[in-house]
Amino acid sequence: MRILLTGANGYIGQRLLPLLVEAGHDVTCLVRDPRRYELPAPLHDRVQVVQADLRQPDTLRHLPQDFDAAYYLVHSMSTNGRDFYRAEQQSASNFVQYLNGTRIRQVIYLSGIVNDPKLSTHLRSRLGVERELKKAAHAQATVLRASIIIGSGSASFEIIRDLVEKLPVMVGPKWLNSRCQPIGVRDVMHYLTAVLDNPACLGKTFDIGGPDVLTYKQMLQGFARLRGFRRPILTVPVLTPRLSSWWLFLVTRTSFSLAQSLVDSLKNDTVADLRRSIRKAVPHQCMSYTEALELAFQRIEQNEVISSWKDAASSGVADKNYMDYVQIPQHGMFFDRQVMHFARPPEEVLDNIWRIGGKRGWYKVDWLWRVRGLLDKLVGGVGLRRGRRSASSLRPGDPLDFWRVLVADRVSRRLLLYAEMKLPGEAWLQFRILDNADGTHTLEQLAAFRPRGLAGRLYWYSLVPFHFVIFKGMIENIVQYGSAPRSPSSAVPSAT
């Protein structure tokens with residue numbers, strides 16, 4: 001079949017794409033900015049990428065019209081409540097207009113369980129998108145409604161993990177007693193592929209879920225038992241939704257806007273309705289909550305995290321065309337340039353660069369980086385807790401603590417990061433390895449800052465003393481990390 005995949009660079013889309021290709025389908029990925037979407041190497045010659053923005057109907061007019069089916073996997077939860085509701089409804093409406101001009105006969109949508117009478121803004125938006133997609137004249141909508149999705153890199157998994165691993169005692173709001181029906185991401189993938197071109201699923205809506213119905217408190221306790229922790233949990237009625245959002249934001253890696261949307265939804269029970277069971281149409285035995293957790297940790301330990309919720313959206317910066325910042329401006333800028341000559345194999349130093357951030361840290365005074373991350377969190381930024389998708393690999397678009405990867409080119413030995421922290425300006429951090437005529441090599445480390453007004457200039461000058469310690473120490477430690485003790489003349493740092 002010819003399939004159009006929207007949301008291809010999201011958490012679900014990245015996992016679904018290889019499954020569709022392996023099944024022999026001809027897949028076209030719709031993305032807003034192809035520059036920030038890197039196909040896995042085995043799929044380069046087997047998948048087409050087209051550019052369009054669902055919020056702008058004019059960009060959809062040039063798209064091919066001869067698809068057989070489409071997956072609708074987009075959302076706008078990273079923006080504010082009312083804004084994301086309007087954005088989602090408008091995007092769905094524009095997509096339906098496009099569908100009506102094509103031969104597409106099935107559109108598949110992953111929604112949320114919406115069985116409570118009084119829904120949160122997020123779940124009302126999910127239901128609204130369902131209704132928009134069902135207005136398509138020719139394409140029959142197949143809707144899969146899921147509760148909490150558990151898998152390596154999923155927002156739910158990462159939030160639960162942060163809460164359990166970081167808090168020896170939890171004092172939580174009353175929504176911890178709300179019930180849900182978690183489902184493993186592998187089971188979600190099974191259903192998404194099994195309903196494709198399935199006559200029993202055309203025009204139908206199904207609730208999907210694992211075998212366990214749990215409160216959020218029970219989910220936290222189950223996670224703690226699996227990891228060998230004792231975590232007393234107290235629920236109190238005094239935490240307002242806003243306080244709960246701040247609590248979730250400060251303790252976990254989520255952004256504040258996403259925390260608000262999640263907390264708003266957690267007051268609703270999200271348990272599958274047996275009247276909408278998918279078991280007859282697609283017989284399948286789902287994993288238990290514990291089995292889904294175990295599989296997630298296996299993938300993390302094997303360094304096989306395919307996608308993360310942070311890939312798609314983490315802050316307001318993710319809504320920009322941030323690949324426009326691949327070239328560092330030269331005018332109106334402040335620079336801190338460090339260079340260091342070395343004789344060890346360049347691939348070893350490049351590997352150190354590729355492992356920067358996350359658990360490895362930033363190679364110099366990590367506690368200062370953590371303080372900067374905490375300050376960023378307190379003013380509504382992303383902080384350092386996002387970490388990395390993978391401990392050893394990087395690709396354009398990856399989040400990296402409070403940076404975003406713009407360029408990750410091992411062939412040209414260049415890594416370029418763009419700051420997503422709260423700043424009175426814009427910041428870049430670049431690493432390049434250059435070859436010298438005498439057979440040695442040079443690591444160039446460039447910190448660049450474009451200030452915004454007087455506040456930006458004062459910010460840069462206030463950090464100059466710290467830059468002298470941090471950036472000089474960073475480049476030295478990157479070059480030397482994992483190497484044998486060096487002679488005094490084997491590596492020579494300098495700064496400009």
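This is a short tour of a predicted model, stop by stop, with something to select at each one.

**The whole chain**

Start zoomed out, with everything shown as cartoon. You should be able to pick out 13 helices and 20 strands in the protein. Turn the model along its principal axes and the C-alpha atoms fill a box of roughly 75 × 55 × 45 Å. For 496 residues, a compact globule would come out with a radius of gyration near 23 Å, and the protein's 24 Å agrees with that. If you colour by accessibility, expect 57% of the 496 residues to count as buried. As for how the chain meets itself, take the contacts with a separation of 6 or more: 74% of them are between residues 24 or more positions apart.

**Stop one: H1 against H5**

Select residues 11-22 for helix H1 and 185-194 for helix H5. How far apart are the axes of this pair, and at what angle do the helices pack? The axes are 10 Å apart and the angle is about 55 degrees. That falls between the 35-degree limit for roughly parallel and the 65 degrees where roughly perpendicular begins, so H1 and H5 are oblique to each other. The crossing is right-handed, if you want to check it by eye.

Now turn on the side chains. From H1, show Tyr-11, Ile-12, Arg-15, Leu-16, Leu-19 and Leu-20; facing them from H5 are Val-185, Val-188, Met-189, Leu-192 and Thr-193. Sorted by type, the residues of this contact are nine nonpolar, one polar and one charged.

**Stop two: H4 against H9**

Next, select 155-166 for helix H4 and 289-301 for helix H9. Here the axes lie 12 Å apart, with a packing angle of about 90 degrees. H4 and H9 are therefore roughly perpendicular to each other.

For the contact itself, display Phe-157, Ile-160, Arg-161 and Glu-165 on the H4 side. On the H9 side, add Tyr-289, Leu-293, Ala-296, Phe-297 and Ile-300. The tally for H4 with H9 is seven nonpolar, no polar and two charged.

**Stop three: H12 against H13**

Move on to helix H12, residues 366-378, and helix H13, residues 453-480. Their axes come within 11 Å and cross at roughly 145 degrees. H12 brings Leu-368, Trp-369 and Arg-372 to the contact, while H13 supplies Tyr-459, Phe-466, Ile-470 and Met-474. That makes six nonpolar residues, no polar ones and one charged.

While you have H12 on screen, step back to Val-365, in the loop between helix H11 (346-354) and H12. What is the phi of Val-365? It is positive, about 35 degrees, although the residue is not a glycine. Most residues other than glycine have a negative phi. Val-365 has a relative accessible area of 24%, so it is partly exposed.

**Stop four: Asp-401**

Another positive phi is waiting at Asp-401, with a value near 55 degrees in a residue other than glycine. Find Asp-401 in the loop between strand E15 (399-400) and strand E16 (403-409). Is Asp-401 buried or exposed? With a relative accessible area of 3%, Asp-401 is buried.

**Stop five: three more loops**

Select Arg-35 in the loop between strand E2 (26-31) and E3. Its relative accessibility is 43%, so Arg-35 counts as partly exposed. Draw a distance from Arg-35 to Ala-448: they sit 413 residues apart along the chain, and their C-alpha atoms are separated by 22 Å.

On the other side of E3, go to Gln-65, in the loop between strand E3 (47-51) and strand E4 (69-72). Gln-65 is partly exposed, at 45% relative accessibility. Which residues does Gln-65 contact, leaving aside its neighbours within four places in sequence? Show Tyr-98, Gly-101, Thr-102 and Arg-103. Arg-103 is 38 residues from Gln-65 in sequence, yet the two are 6.4 Å apart in space, C-alpha to C-alpha.

Finish at Gly-439, in the loop between strand E18 (425-435) and strand E19 (441-451). Gly-439 counts as exposed, because its relative accessibility is 52%. For a last distance, pick Gly-439 and Ser-111: they are 328 residues apart in sequence and 57 Å apart in space, C-alpha to C-alpha.

Methods. Residues numbered from 1 in each chain as written. Predicted model: local features only at pLDDT ≥ 70, side-chain atom pairs only at ≥ 80, totals over all residues. Heavy atoms only, no water. Axes fitted to C-alpha atoms, helices over the stretch in contact; angles between N-to-C directions. Helix = DSSP H or I, 4+ residues; strand = E, 2+ residues; numbered from the N terminus. Parallel < 35°, antiparallel > 145°, perpendicular 65-115°, else oblique. Left-handed = near helix turned anticlockwise from the far one by under 90°. Contact = heavy atoms within 4.5 Å. Nonpolar A, V, L, I, M, F, W, Y, C, P; charged D, E, K, R; others polar. Rg over C-alpha atoms; globule rule 2.2 N^0.38 Å. Buried < 20%, exposed > 50% of the residue type's maximum accessible area, 1.4 Å probe, protein only.
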